[in-house]
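Student: I should like to examine how the terms used for this structure are justified. Could we set each value against its definition?

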Amino acid sequence: MHMATTSVKHPEVKGRSRAAGLLGGEQIRSAVEEVLASTQFIDIHTHLFSPAFGKIGLWGIDELLTYHYLEAEFFRSSSMKPDNYWKLSKKEKADAIWKALFVENSPISEATRGIVAVLQAFDLPTDASALAEARRFFEAQTIETHIRKVFELAGISSVVMTNDPLDAEEVPTWMNGGQKDSQFQAVLRLDRILWGWSQHWQELARQGYAVDERATGKSVAEVRRFLEDWNARMRPLYMAVSLSDEFQFPDESMTSKILSEAILPSCREFGIPMSLMIGVRRQVNPALRLAGDAVGRADLRALENLCRTFPDNRFLVSVLSRENQHELCVYARKFSNLMPFGCWWFLNNPSIVEEITRERIEMLGTSFIPQHSDARVLEQVIYKWRNTRTTLAPILTNSYRLLHNDGGGVTKQDIQRDVNRMLRTNFENWTKLSAG
Ligand code: HDL
Ligand code: ZN
């Protein structure tokens, strides 16, 4: 940013001297839009998989239509009961959702409109008859070239996966050499260990780690050996866990014990951050399966205690409740080892993304990560990142205009630096810096 100086030689030309390249009010919007359109972002949290993982990597129109966000909306616009829906084939489910949400009603929700945007991005029809042609188009694609095209349309250079070392469908690929696609980065996801210990500790034992149900004796050391083995296998950018709205720290739970005694020390040893995604209320309606989770306001004193107790750990944090967003910003001002990221899940709607992003800029400047896609189906990144750019443009324009009106100014290079920081280097630096 450049401080404007007042010209004294020519008093009639009061106001700012035009330092080289400083943008005038009207030029700011177009410069912001050009930078956002031309910068490739890093998508720091998704549920996508590279082709090496085979069928657990979801893509194509039937997977797009049966996304759990759309399933939740489907049950509100159809008389079909979940028990009957779950009996249908993938194609029959997609047909039912298409009919209810795209033919019988206007697709104006965020998730339905996203499907229309994906069809348009591939120059496919978007009217009621579009489903058959869309199926023919996606069936004709080969996944490797399709991925490159999708990333290009989405304006992303790489995505970060969510990898579960206790998932029977995923482990065989890691045990047979893993994956080497640099556009897909790994993350060590630890839900089954951190809050699913009682159901999953035997899987660790089966993988050869001497752990027991109450994590006594050598269990903590064996969890650290497990993390060391998977860190070497996956080379994860960070470790991650989703925590409920009731998460507390410290407390007497297995979660607190394993987090503080095994996982955070291993993050420090490997030099990688810990991602905490806090606020989910799991399975409020089990009949909806993956779509059955909801949201609850969390007590972020747990996060405060973690950031203060472990100053040498770096925390990547997203919270699910809109009511937790402002205090997350305040905590980020108190703890430089806390990096807020994304407008997660039920927050990833323009009306809420705008509020969250504006208060983050007002309190944190560019020292946060505005967005991730959370994509589960490959082509979702196209609409999720298109919507992010559409929502971010007026917010950044407004921020620079306010600076301009207060006597400051920016060049297009300044804007490029800021956008790079928020959607690339904040994450690159956070995951590459060694702790300590
Ligand atoms: O725990 C998570 O990573 C969440 O993102 C869940 O996967 C959730 O079901 C989801 O897909 N949110 O977008
Ligand atoms: Zn997720």
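Tutor: The following exchange concerns a predicted model and takes up the ligands first, then the backbone.

Student: What makes His 45, His 47 and Asp 374 donors of the zinc ion (ligand 2)?

Tutor: A donor is an N, O or S atom within 2.8 Å of the metal. The NE2 atoms of His 45 and His 47 and an OD atom of Asp 374 coordinate zinc at 2.1 Å, so they meet that criterion. Water is not among the atoms, so the site may look incomplete.

Student: Where do these donors lie along the chain?

Tutor: Their spacing is H-x1-H-x326-D. His 45 belongs to the loop between β2 (41-43) and α2 (61-65), whereas Asp 374 belongs to the loop between α16 (350-364) and α17 (380-405). The two are 329 residues apart, and the pair thus links distant parts of the chain.

Student: Why are the pairs that His 47, His 68 and Arg 189 form with ligand 1 called polar contacts?

Tutor: The term requires a pair of N or O atoms within 3.5 Å. Polar side-chain atoms of His 47 and His 68 each lie 3.1 Å from an oxygen atom of ligand 1, and one of Arg 189 lies 2.7 Å from an oxygen atom of this ligand. These pairs therefore qualify. The protein covers 94% of the 330 Å² of accessible area that ligand 1 has on its own.

Student: In which pocket does ligand 1 sit, and how is its shell composed?

Tutor: Ligand 1 occupies the largest pocket. Its shell has four nonpolar, four polar and three charged residues; among the surrounding residues are Tyr 69, Ser 242, Met 277, Trp 344 and Arg 376.

Student: What is the omega of the peptide bond from Phe 249 to Pro 250?

Tutor: Omega is near -10°, and the bond is cis. Pro 250 is in the loop between β6 (239-244) and α13 (254-270).

Student: What phi does Arg 289 have?

Tutor: Arg 289 has a positive phi of about 55°, although it is not a glycine. Arg 289 lies in the loop between β7 (274-281) and β8 (294-295).

How values were computed:
Residues numbered from 1 in each chain as written. Chains lettered and ligands numbered in written order. Predicted model: local features only at pLDDT ≥ 70, side-chain atom pairs only at ≥ 80, totals over all residues. Heavy atoms only, no water. Near = heavy atom within 4 Å. Polar contact = N/O pair within 3.5 Å; in protein donor to acceptor, adjacent residues only side chain to side chain. Areas by Shrake-Rupley, 256 points an atom, 1.4 Å probe, with all protein chains shown as cover. 1 Å grid on protein atoms, 1.4 Å probe; cavity = no way out; pocket = protein on both sides within 12 Å on 5 of 7 lines; lining within 4 Å. Sits in = over half its atoms within 2 Å of the grid points. Nonpolar A, V, L, I, M, F, W, Y, C, P; charged D, E, K, R; others polar. Donors = N, O, S within 2.8 Å, 3.2 Å for Na, K, Ca; no water. Helix = DSSP H or I, 4+ residues; strand = E, 2+ residues; numbered from the N terminus.
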